[in-house]
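Here's a quick briefing on a single protein chain. Have a look at the fold before reading on.

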Amino acid sequence: MKIRAKSHRAIIALMATCLLLPQTLWAERKTTIDESPHAGIMAADLVVARPVGVLVTVAGTAAFIVSLPFTLLAGNASDAAEKLMIGPAKTTFVRCLGCTNAGYSYRDIDKNTARKERIALEEAEASAMASE
């Protein structure tokens, strides 16, 4: 009888471990974010994710307007606005094509600034060479 109870405990422990393992793997996958997507991901984002995001934003805005009297009475209208309207809108409109993180990346601005600095440096070197 004791051997059977021990084997049941071992089986339960094994099952619990198997159930927790996928969650650990999913958490590991979520922390690795690729902000340099390839063309296929960008195309899928443009054709599928963005239109769905627009629909979710419109539906969330409608739900927020319907729930506004209740959220104002409860004092959590800003939380409802963040979850129903701002979050979906940010994910839809303020995210690079194919990226997973919402928010402005400033990559284009940084590249443009670096290009302007490089051109200015080259012009300064050229003018220094010309004046010699």
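What follows walks through the overall fold, then one helix, then two of its residues.

Keep in mind that this is a predicted model. The chain has 4 helices and 0 strands, and most of the notes below deal with helix H2, which covers residues 39–74.

**The chain overall**

- Going from the N terminus, the elements simply read α-α-α-α.
- Of the 132 residues in the chain, 13% are buried.
- Take the contacts with a separation of 6 or more: 63% of them come from residues 24 or more positions apart.
- About 10,600 Å² of the chain is exposed, and 69% of that comes from carbon and sulfur atoms.

**Helix H2: not a straight rod**

- H2 runs to 36 residues, yet its end C-alpha atoms sit only 46 Å apart.
- A straight helix would reach 52 Å at 1.5 Å a residue, so H2 falls short of the expected span, which is 1.5 Å times one less than the number of residues.
- There's a bend of about 55° in H2 at Leu68, and a proline, Pro69, follows within four residues.
- Just after H2 ends, Gly75 adopts a positive phi of about 85°.

**The buried side of H2**

- Which residues of H2 are buried? They are Asp45, Arg50, Gly53, Thr57, Gly60, Phe64, Ser67 and Thr71.
- These buried residues of H2 pack against helix H3, which spans 77–93.

**Arg50, a buried arginine**

- Arg50 is part of helix H2.
- Why does Arg50 count as buried? Its relative accessible area is 13%, and the cut-off for buried is under 20%.
- Leaving out residues up to four places away in sequence, Arg50 touches Asp45, Thr92, Arg95, Cys96, Leu97 and Gly98.
- One of those contacts, Asp45, is itself on the list of buried H2 residues.

**Leu46 and the nonpolar patch**

- Leu46 also belongs to helix H2.
- Is Leu46 buried or exposed? Leu46 counts as exposed because its relative accessibility is 52%, and exposed means over 50%.
- Leu46 is part of a nonpolar surface patch together with Met42, Val47, Val48, Val52, Val56 and Leu97.
- The accessible area of that patch comes to about 590 Å² together.
- Leu97 links the two topics: Leu97 is in the patch, and Leu97 is also touched by Arg50.

How values were computed
Residues are numbered from 1 along each chain as its sequence is written. This is a predicted model: local features need pLDDT of at least 70, side-chain atom pairs count only at pLDDT 80 or more; totals for chains, interfaces and linings use all residues. Side-chain values use heavy atoms; hydrogens and water are left out. Helices (H or I, at least four residues) and strands (E, at least two) are DSSP runs, numbered from the N terminus. Buried means under 20% relative accessible area, exposed over 50%, partly exposed in between (1.4 Å probe, protein chains only). Contact means heavy atoms within 4.5 Å. The bend at a residue is the angle between axes fitted to the seven residues ending there and the seven starting there. Accessible areas come from the Shrake-Rupley method with a 1.4 Å probe; for residues, only the protein chains shown count as cover. Patches are made of residues with over 30% relative accessible area and no salt bridge: like charges are joined within 9 Å, nonpolar side chains (Val, Leu, Ile, Met, Phe, Trp, Tyr) within 5 Å. A salt bridge is a side-chain nitrogen of Lys or Arg within 4 Å of a carboxyl oxygen of Asp or Glu.
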